[in-house]
Amino acid sequence: MHTAMARFPYLKTLEGFDFSFQPSIDRKKIHELAAGRFIEQAENVILLGPPGTGKTHLAVALALKAVQRGVRAYFTSATSLLAALTKAYAENRFEDKLKFYTMPKLLVIDEIGYVPIDRHAAHLFFQLISRRYERGAMLLTSNRGFGQWGEVFGDPIIATAILDRLLHHSVTINIKGESYRLKEKQKAGVLKQPVAPA
């Protein structure tokens, strides 16, 4: 039931992650995170790296470990989250929606930075981050470095305020390497040229 409520896009495990393909990832650190101490301490984990490098797989796998221990988790893409917050604000249900996203002990927000965020949505996102600050753990993935978050959120001041709260108690995992998906296509002969590392 906890797994269904978490709304994972798919089920992926740490055991199924190919660490040999992404040697930049500290396997020991990932296994430490899987123990869930960061959730108990309401800290954040941020996975940064180019598309296709395994960020979502790791996010789902870490959250699944938490769910298996009885922790309530919820998975959403940044786009879906911001659309829901914006809609709730327009319908005068913003406080209820904030409570909904504040309840899980672990909130996973996938793909920050793939789509630009307007200033109004950025303000709503900031309110969610502030509400969860030091109360609930978050696990975020992004293809953009922190220095680019001003562009992502359309406002460097809001981006700084968001990062200030996110990074205060956090672990950042930087993934450098090739896209696993493109490697699979190359192996299948769909891509003829080797994919250069990002």
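A cavity here is a set of points, on a 1 Å grid over the protein atoms alone, where a 1.4 Å probe fits but cannot get out; lining residues have an atom within 4 Å of a point. Grid points are joined across faces, edges and corners, and a volume is the space filled by probe spheres set on the points.

The model is predicted: local features need pLDDT of at least 70, side-chain atom pairs count only at pLDDT 80 or more, and totals for chains, interfaces and linings use all residues. Residues are numbered from 1 along each chain as its sequence is written, and side-chain values use heavy atoms, with hydrogens and water left out.

**Stop 1: the cavity**

The structure holds 1 cavity of 30 Å³ or more. The volume of the largest cavity is about 40 Å³. To see its lining, select A42, N44, R132, Y133, E134, G136, M138, R165 and H169. By class, this lining has 3 nonpolar, 3 polar and 3 charged residues (Ala, Val, Leu, Ile, Met, Phe, Trp, Tyr, Cys and Pro count as nonpolar, Asp, Glu, Lys and Arg as charged, and the others, Gly among them, as polar).

**Stop 2: the sheet**

Next, show the strands. Strands (E, at least two residues) and helices (H or I, at least four) are DSSP runs, numbered from the N terminus. Two strands pair if DSSP finds at least two bridges between them. An open sheet is formed by 5 strands in the order β2-β3-β4-β1-β5, with parallel pairing. β2 and β5 (170-174) stand at the edges with a single partner strand each, so one side of each has no neighbour in the sheet. From one strand to the next, the twist averages 15° (axes are lines fitted to C-alpha atoms, for helices over the stretch in contact, and angles run from 0 to 180 degrees between N-to-C directions).

**Stop 3: β2 and β3**

Select residues 73-77, which make up strand β2; 5 of its 5 residues are buried, meaning under 20% relative accessible area (exposed is over 50%, partly exposed in between; 1.4 Å probe, protein chains only). In a regular strand the side chains alternate between the two faces of the sheet. In β2, A73, F75 and S77 point one way and Y74 and T76 the other way, and all are buried.

Add β3, residues 106-112, which pairs with β2 in the parallel sense over 5 bridges. Y74 stands opposite L107 in β3.

**Stop 4: β4 and helix α7**

β3 is joined to β4 by 5 bridges, and the two run parallel. I112 has S142 in β4 as its bridge partner. Now show helix α7 (residues 119-132), which lies across β3 and β4 and runs at about 150° to β3.

Within β4 (residues 137-142), select L140. L140 counts as buried because its relative accessibility is 1%. Which residues does L140 touch? Leaving out residues up to four places away in sequence, L140 touches V45, I46, L47, I109, I112, F125 and L166, where contact means heavy atoms within 4.5 Å. L140 and S77 are 63 residues apart along the chain, and their C-alpha atoms are separated by 9.4 Å.

**Stop 5: β1 and its two partners**

Finish with β1, residues 44-48. Since 5 of its 5 residues are buried, β1 is largely enclosed by the rest of the structure. N44, I46 and L48 are on one side and V45 and L47 on the other, so to speak two selections to color separately, and all are buried.

β1 pairs with β4 in the parallel sense over 5 bridges, and the bridge partner of N44 in β4 is M138. β1 is also joined to β5 by 5 bridges, again running parallel; there L47 has I173 as its bridge partner.

Note on methods:
On a 1 Å grid over the protein atoms alone, a cavity is a set of points where a 1.4 Å probe fits but cannot get out, and a pocket is an open set with protein on both sides within 12 Å along at least five of seven lines; lining residues have an atom within 4 Å of a point.
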